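Open the model in your viewer and keep the selection panel to hand. The stops below say what to select and what is there.

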Number of protein chains: 2
Amino acid sequence: MPQFLSTADADFDTRFAALLSMKREEAPDVDDAVAAIIAEVRARGDDAVCDLTIRFDRFALTPETMRITDAEIAAAAGQVAPLDRAALETAAARIRAYHERQLPRDEQWTDETGATLGWRWGPVDAAGLYVPGGLATYPSSVLMNAIPARVAGVGRLVMCVPTPDGVLNPMVLLAAQMSGVTEIYRIGGAQAIAAMAYGTDTIAPVDKITGPGNAFVAAAKRRVFGRVGIDMIAGPSEILVIADSDNDPDWIAIDLLSQAEHDESAQSILITTDAAFGQAVADAVTARLESLERANIAGPSWRDFGAVITVGDLDEASKLSNRIAPEHLELAVADPEALSDKITHAGAIFLGQWTPEAIGDYVGGPNHVLPTARSARFSSGLSVLDFMKRTTLARMTPESLRAIGPAAVRLATSESLQAHGLSVQARLDRLNR
Amino acid sequence: MPQFLSTADADFDTRFAALLSMKREEAPDVDDAVAAIIAEVRARGDDAVCDLTIRFDRFALTPETMRITDAEIAAAAGQVAPLDRAALETAAARIRAYHERQLPRDEQWTDETGATLGWRWGPVDAAGLYVPGGLATYPSSVLMNAIPARVAGVGRLVMCVPTPDGVLNPMVLLAAQMSGVTEIYRIGGAQAIAAMAYGTDTIAPVDKITGPGNAFVAAAKRRVFGRVGIDMIAGPSEILVIADSDNDPDWIAIDLLSQAEHDESAQSILITTDAAFGQAVADAVTARLESLERANIAGPSWRDFGAVITVGDLDEASKLSNRIAPEHLELAVADPEALSDKITHAGAIFLGQWTPEAIGDYVGGPNHVLPTARSARFSSGLSVLDFMKRTTLARMTPESLRAIGPAAVRLATSESLQAHGLSVQARLDRLNR
């Protein structure tokens, strides 16, 4: 059974604090193994990548066959059923349209001294997208990572996807083709991250690496950070639903299960103003688990980490939500906009009972790569900005230097940085001649 | 002597590649020591922080005296000379005006299906600013870190600054007061980072930590990343100057020295279209070093890491610059805008010979916290966005769910995520009744 809490209970604060600090995932310590793999790839390049692939993915690989050819991609994509292709196309078009609105503007202006100031955004030259093999191979993740990169203007978009026993995943390859991936390699694990970060004879290095992966991939991303940019290291998925009693308990139950089925460490929480409704949802979860295909995953997640919290009113709900800072937040209440205005920390908000979170996983438009583990307090979901960087611009005129240069000289002197001051003073001296 | 290279030389590619991959800093491995300090602060809170401060900073500290009082700040600020105060005020006003333009816009729109989509930006609740003690205590860094946070709307802005032997730095405290810091603690090192990340009885935890520091501080920031957000881990400073022969060699020499004087590991590079001008600049550097206060730092930096590169034309210069991806880039050429348009990777660009880089360190307006070690390929300088995060918003109507829901169900099925599909299908079934 999940936990049942109520803000009316005497021990609520203690139990809620315990819920917040609950450790849901014990990541295995693979850091030494990953360090060794990265060192091997840096030393032996393609040969190391091929050896590791043969060992972990059980098929023969040479530098010549590392890249999945256009013909292979086309053949695999051709196997996808037309309805699946159409669904991917709907998703891709909506994700593209949403992310195109994120393109930042360059700015330039002249200030009162005559100085020209501003900034300019530009894409990274090359991005690398990691796509896990096996169970968690999601074509939707390919779209969510690759499309923002292409919208940002990234010219070279590399994808690495392990193919255990050499088997290709048609939907993943079709999604890659659809979203403008320019090179695909059949490699995975820490060796793929190392190859993209440092380069090999076959794979030119990239500047930024994004995408989910297992403990080895996560540890490798942490290690190559600085050499290249990385996106966040995602933890297990979470959903918080705030619902009043005017909802179908079964809908809310399925919404909670749609996170729970991801991972035994996933967390689904319901906050409701009506304790009886909360119980009805919990009962509906139990009923749905009877027949759910992934009940062996969703069941333990709900049992170990699920919670139903009864609150006095929606204002109280918003305060608890802000302490949780959930990855996904559903507002299944009569006036979701009013409640949304009180939310300060959440990765993504789904407003109203016609907006199940799963819409956002596929076709809503916003990105489904979102901050987990309370990191929505300080970070955002994946966006076009993750594949761009900003260069600041400044141009002084003699007049503007005359106006503000003396303050710079004064501050440089106070910081004992003489050459800093001299570089301004030498120019001021010329003006004052 | 610095290195002299020319793109006309047969061995240029090899030597330029060596310059790019030059290792300039061997960070001491303090990770175990830092892990122990963090564990101690988590276990013993204020007491651990006080013990470590007594040990490292040589003065008695209790939880009661940890915070620098308003009276102490006012007294210290009162010691600052009026001209220094005025210079800080000029800098603060210009930095504030520049960063106010970075405030991002919220967006919301209705798409062709009737769905409402958008996003919303908000500040982090609390930010922590680390300010190093000792030699590298720069009031300008306080402004550059604190002002963007305040412009972002951060309500609680904590500053930690070590005070070796208990001595306060008046300019640093005045800068903090001027830029809206709300709490200042006289603690430093890994213990300060741990206290801000995890909180103690005296210091409530923050959500984001920024600011420079020594190897201990950098290692601590890496370790608390995830618990809180952090800014980049900065490496030694760099400048690249691209100059034609129509410049005063002495100006360019001082500009190169203004980075070299920061750190023996700093790197200053000149790219010029005129080999004789390059030699003249190198001679001017030598002459300036005769009398420079920090010649003991700037000299080794220029000798070990400095370089003068002669190119055939400015187009070649822009290509080399993009491979270097410099932190600071000065364009001391006749048409700096035209050259700037060819620059794809740089932290900050200073256009024209009246814009010495030092202007950007203090009073230009743009931030002086910038990506080092070639990371301008994929990252940006500090900005208002670093203290904000984005929440995505989506609201479906029954009609929009009818339009795009079936694609979501199809994709959920293809990914074997049954509950995802059911959460959409249950709502579609209601519509189709």
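Start with the largest nonpolar core, which has 181 residues. A nonpolar core here is a set of buried Ala, Val, Leu, Ile, Met, Phe, Trp, Tyr and Cys residues joined through side-chain atoms within 4.5 Å. Buried means under 20% relative accessible area, exposed over 50%, and partly exposed in between, with a 1.4 Å probe and protein chains only. Select Met159(A) and Met159(B), the residues with the most contacts inside this core.

The model is predicted: local features need pLDDT of at least 70, side-chain atom pairs count only at pLDDT 80 or more, and totals for chains, interfaces and linings use all residues. Residues are numbered from 1 along each chain as its sequence is written, chains are lettered from A and ligands numbered from 1 in the order in which they are written, and side-chain values use heavy atoms, with hydrogens and water left out.

Stay on Met159(B) and show what surrounds it. Contact means heavy atoms within 4.5 Å. Leaving aside neighbours within four places in sequence, Met159(B) contacts Leu129(B), Val131(B), Val142(B), Val172(B), Ala176(B), Val181(B), Glu183(B), Ile184(B) and Tyr185(B).

Next, select Thr210(B). Thr210(B) sits in strand 7 (residues 208–210) of chain B. Helices (H or I, at least four residues) and strands (E, at least two) are DSSP runs, numbered from the N terminus. Is Thr210(B) buried or exposed? Its relative accessibility is 1%, so Thr210(B) counts as buried. Not counting residues up to four places away in sequence, Thr210(B) touches eight listed partners, among them Leu129(B), Asn145(B), Lys221(B), Asp231(B) and Phe387(B).

Now colour chain A by domain. Its bounds, which come from an automatic or database domain assignment, give domain 1 (3–24 + 235–364), domain 2 (31–109 + 123–230) and domain 3 (396–432). Select domains 1 and 2 of chain A: their C-alpha centres lie 33 Å apart. Seven residues of domain 1 of chain A are in contact with seven residues of domain 2 of chain A. Buried area is the accessible area (1.4 Å probe) that two parts lose on being put together, summed over both. Between these two domains of chain A the buried area is about 550 Å², with carbon and sulfur atoms giving 52%. Pick out Tyr362(A), Val363(A) and Gly364(A), which supply 63% of the area that domain 1 of chain A buries against domain 2 of chain A, more than any other three residues.

Zoom out to both chains. Chain B can be laid on chain A with an RMSD of 0.0 Å by a turn of 180 degrees and a shift of 0.0 Å along the axis. That is the relation of a two-fold axis. To find the axis from chain B, select Pro104(B), whose C-alpha is the nearest to it in that chain, at 4.5 Å. The superposition is by least squares on the C-alpha atoms of residues with pLDDT of at least 70 in both copies.

Show the interface of the two chains. How many residues of chain B are in contact with chain A? There are 117, and they meet 117 residues of chain A. Chain B and chain A bury about 10,400 Å² between them, 56% of it on carbon and sulfur atoms. Trp354(B), Phe378(B) and Arg427(B) supply 8% of the area that chain B buries against chain A, more than any other three residues.

Finish with the salt bridges, each a side-chain nitrogen of Lys or Arg within 4 Å of a carboxyl oxygen of Asp or Glu. The rule finds 13 across the interface of chain B and chain A, and 37 over all chains.

- Select Arg94(A) and Asp111(B), a salt bridge at 2.7 Å, N to O. Arg94(A) lies in helix 4 (residues 82–100) of chain A and Asp111(B) in the loop between strand 2 (107–110) and strand 3 (116–123) of chain B, so the pair joins two chains. Arg94(A) is buried at 10% relative accessibility, and Asp111(B) is buried at 12%.
- Select Arg94(B) and Glu112(A), a salt bridge at 4.0 Å, N to O. Arg94(B) is buried, with a relative accessible area of 8%, whereas Glu112(A) is exposed, at 71%.
- Select Arg395(B) and Glu337(A), whose closest N and O atoms are 2.6 Å apart in a salt bridge.
- Select Glu40(A), Arg44(A) and Asp51(A), which are linked in a network of salt bridges.
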